[in-house]
Amino acid sequence: MADLFEQLRLAAQALVEFGAHLFNPTIRLGVTGLSNAGKTVFITALVHSLVRGGRLPVFESLATGRIARAYLAPQPDDAVSRFDYENHISNLVGKRCWPTSTRQISELRVVIEYQSLSGYQHTLTLDVVDYPGEWLLDLPLLTKSYEVWATESIRLSRQRPRVDLAKDWHLHLATLNPESTEDEQEALTAARLFTEYLRACRDKNYAMSLLPPGRFLMPGDLANTPALTFAPIEPSTEGPPPTGSLWAMMRRRYESYRAVVVRPFFRDHFARLDRQIVLVDTLAAINAGPDALLDLEHALEQVLNCFQTGRKTLLSALVRPRIDRILLAATKADHLHHTSHDRLETILNRLVQGATAKAELAGAHVDVVALAAVRATREAMVRRGRQQLPCVLGVPFAGEAIAGEIFDGDTEAAIFPGDLPDDPTELFRSDKSAFRGLATASWQNADFRFLRVRPPVLELTENGVAALPHIRLDRALQFLIGDQLV
Amino acid sequence: MSKKWKHRPPAVFRLDQDHLIVDSVTKTRVSSERQAQIKSEPEFEALAITVDDSARSSRRGVRWAILFWCALGGLLLLAIGVAVNDLLTDLLARNQELGWLGLAFATLAVVSLLVIAVRETTGLMRLAKVEKLRQRAAEMIVSDNRIEARAFVHELLALTRKMPHLARGRADLEGHLGEIIDGSDMVRLAERELMTPLDQRARKLISVAATRVSVVTAVSPRAVIDILFVFGTALTLVRRLAFLYGARPGTLSLARLVRQVVMHLAVTGGLAASDSLIQQMLGHGIAAKLSVRLGEGVLNGLLTARFGLAAVDLIRPVPFAALPRPTLSDLMSEVLRSFGDAEEQQGSESSLAITEVQ
């Protein structure tokens, strides 16, 4: 019933917006990515290069001078905070540090004034939303009941390498009886231990991705509310829980979490997207090992299934907007040499093959790209004896370690992160020939080390703004909005 | 533990150590790379134009006609040789100086013939090269191979080296060569930077030629003049377009090109007829109602424009991918506009057009 009401509400919203967009063409760009995938940096770079004019040769309308100007406009939603573009850019350029992880939703609107190929003046409005990537993992919960979610979470937590991290929580879980009377203290302890387990899984050595519910890791303004005080417990019987039991309490709170948090989040920001870019930090998962890659694959599959993709028709535009272009981007491509980018793209393609096949079948355009919204490295070929190693030059953050070297945050180094295989399935093996990541080996003998690198030193152009270097940001823009600017 | 792929472990080199040789990678040639092709370009339909003339050569058996013409040509050559030899000995016998003069003329003739032959051959080779470039570009847009696209752009730059109005585009493109841009994007970028000014000129050339043909047909007193004029204009148009796109043909290669254009028109004519031609014929019908000559003029102009567009398809070194292909209706609307202007001042135009023919 609630679902039906929700669908009607979405359809009505779509209808109203369809009318508004007839006069003022608007594109809602969905920047999707799990936490640490680089959403904030991507949005900052995108806005900066549109508004300040970057070097984007492949983005046809800007390169040929058809975009007269682009400017920031007041956002449509007064209740959501504004994306702090100015602050992010000054941190990036001035302090040379990446934005800290996003804690709340923010929004930005860019208006592009351009001239079409036939010579008419037009404007295109681009709406972009930034949000904590953890919250994206809530979307799959929309279709799961408490029991399904609890069983799945518990099963997942008994797999390697999670089982070691979940020890404390498992001990507490064993003491709980779902049919005992509800007890606030037990719920609090369970929620705390469960959150600690989720947080431990996120450590860069394990880099697990599938960690719902998202608000447990990034509570936003809901910290300590009952809606966040629940945890999975194993349902003891089939059928509904006994009234007044712990199980019933957990279930009630899970339902209100879905109603208060997840549904509005989806409705306000994801139900009505026109274009989507999926940012994936493949390299962090490769750093951690095969388990992290498999986990990332499952997380992406679940998240991408929540979106409506397919060819745009008049009916779909009226009732249920669909995403007709999806760009899958392996971010931080500047951490490896461009000769390996094709391999990175095949790995990403392997990670999301289910979702892309579905989208292409429905008639959406899908493209895969290795991207660096802000390029922090240069490239170099290092000759060592007879070996030629394709390296990247950059300044790793303090504490980053590779091949017997620990960095202090000021030294520039040529980094060779290890050869990626041509065939991506090699990375997904979990038998004896699996590669070693940080989850199973120390940093000295891991097979791949992709280091976090500080933002580049930028030269200011004549008018005092820095042009951000990038890799394939122009191609991404051309794919995402290029066809709307003809 | 063994890896199935060639895996080298991570390594690091601090730049403050000095036992390293660090090269800028833009100068380094990467010798081989297995390309992963994971994307297709749904918005591009590869259009590689190949004029297939293998049908003739595949015929089996002795080709008597060719044998005949070869033998006849050999005989003629011999006859000329004997005649020249006789002439020279005759001249020498009569007068020493005259003989030397004759010999000088003969040498000059042979040398100039050689030069012409060399030029024609290079012209033909250039034409073949342009055709090959176009095919490679079409393949690269699909395969997205980064290294091949770089090589292609270098060749395109070499081909357009002598075109002064592309200086800016060439400089920009050379700047982009050092950046990380994928194969298909690189080809599109090259097309945009280098072909845009050329396309504009080509459009201008075609529409001017079509307008002239229309006007002359409409006002010429005799049919013979039309035919000659249309033929001459078409030939000049192809030659100019070929020079514009860097093919610089000689006589033989021009003949070859014209033949290819005619064949291309025959091949694509059926396709194009479905949309634009019918429209245009309809327009022509209305024009013919107004005046028979006007109708004929429009039709001839239309044919010239089609001819020019087909020629562009064949001599452009990059296929149309990033830029829109000029369409007949665009061109014809330009032609009709100028034609309308011409009609108003028919008196002055007719005398002008006829002097042009003569």
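## Where the two chains meet

Let us start at the meeting place of the chains in this predicted model: 37 residues of chain B are in contact with 43 residues of chain A. Three elements of chain B each give two or more residues to the side that touches chain A, namely β1 (11-14), β2 (22-24) and α6 (183-219). The largest share comes from β1(B), with four residues. Sorted by class, the side of chain B that touches chain A holds 20 nonpolar, five polar and twelve charged residues.

Strand β1(B) also pairs across the chains. Its partner is strand β13 of chain A, residues 413-416; the two run antiparallel and are joined by four bridges. To find the spot in the structure, look for A413(A), which stands opposite R14(B) in β1(B).

## A tour of chain B

What does the rest of chain B look like? Chain B has 358 residues, and 31% of them count as buried. Eleven helices and two strands make up its list of elements. Reading from the N terminus, the order is β-β-α-α-α-α-α-α-α-α-α-α-α.

Contacts in chain B often link distant parts of the sequence. Taking those between residues at least 6 apart in sequence, 77% join residues at least 24 apart.

## Two domains in chain A

Now for chain A, which is divided into two domains. Domain 1 takes in residues 2-135, 265-373 and 470-485, while domain 2 covers 138-264. Taken over C-alpha atoms, the centres of these two domains of chain A are separated by 30 Å.

Where they touch, 25 residues of domain 1 of chain A are in contact with 22 residues of domain 2 of chain A. On the domain 1 side of this contact, α10 (246-269), α11 (282-288) and α12 (290-304) of chain A each supply at least two residues. Helix α12(A) gives the most, with eight residues. By class, the side of domain 1 that touches domain 2 in chain A has 14 nonpolar, four polar and seven charged residues.

## The largest nonpolar core

Which residues have the most contacts inside the largest nonpolar core? They are A329(A) and L371(A), in a core of 207 residues. The element that gives the most to this core is α6(B), with 16 residues. Helix α6(B) is also one of the elements on the side of chain B that touches chain A.

A closer look at A329(A) shows its surroundings. Leaving aside neighbours within four places in sequence, A329(A) is in contact with I277(A), V278(A), L279(A), V280(A), V369(A), L371(A) and A476(A).

## A helix with two faces

Helix α15 of chain A, residues 353-361, is a good one to examine up close. Its buried residues are A355(A), T356(A) and A359(A). Why do these residues line one face of the helix? Seen down the axis of α15(A), they fall within an arc of 95 degrees, so they line one face. As a general rule, an α-helix has 3.6 residues a turn, so residues three or four places apart point the same way.

The buried residues of α15(A) pack against α12, β7 (325-330) and β8 (365-370) of chain A. Helix α12(A) therefore appears twice in this report, as it is also the element that gives the most to the side of domain 1 touching domain 2 in chain A. On the face of α15(A) turned away from its buried side sit the exposed residues A357(A) and L361(A). Just after the helix, G363(A) takes a positive phi of about 100 degrees.

Conventions: Residues are numbered from 1 along each chain as its sequence is written. Chains are lettered from A and ligands numbered from 1 in the order in which they are written. This is a predicted model: local features need pLDDT of at least 70, side-chain atom pairs count only at pLDDT 80 or more; totals for chains, interfaces and linings use all residues. A residue is buried if 20 or more other C-beta atoms lie within 10 Å of its own, exposed if 12 or fewer, and partly exposed in between; C-beta atoms are placed from the backbone. Two residues are in contact if their C-beta atoms, placed from the backbone, lie within 7 Å. Domain bounds come from an automatic or database domain assignment. Ala, Val, Leu, Ile, Met, Phe, Trp, Tyr, Cys and Pro count as nonpolar, Asp, Glu, Lys and Arg as charged, and the others, Gly among them, as polar. Two strands pair if DSSP finds at least two bridges between them. A nonpolar core is a set of buried Ala, Val, Leu, Ile, Met, Phe, Trp, Tyr and Cys residues joined through C-beta atoms within 7 Å. The arc is that of the directions from the helix axis to the C-beta atoms.
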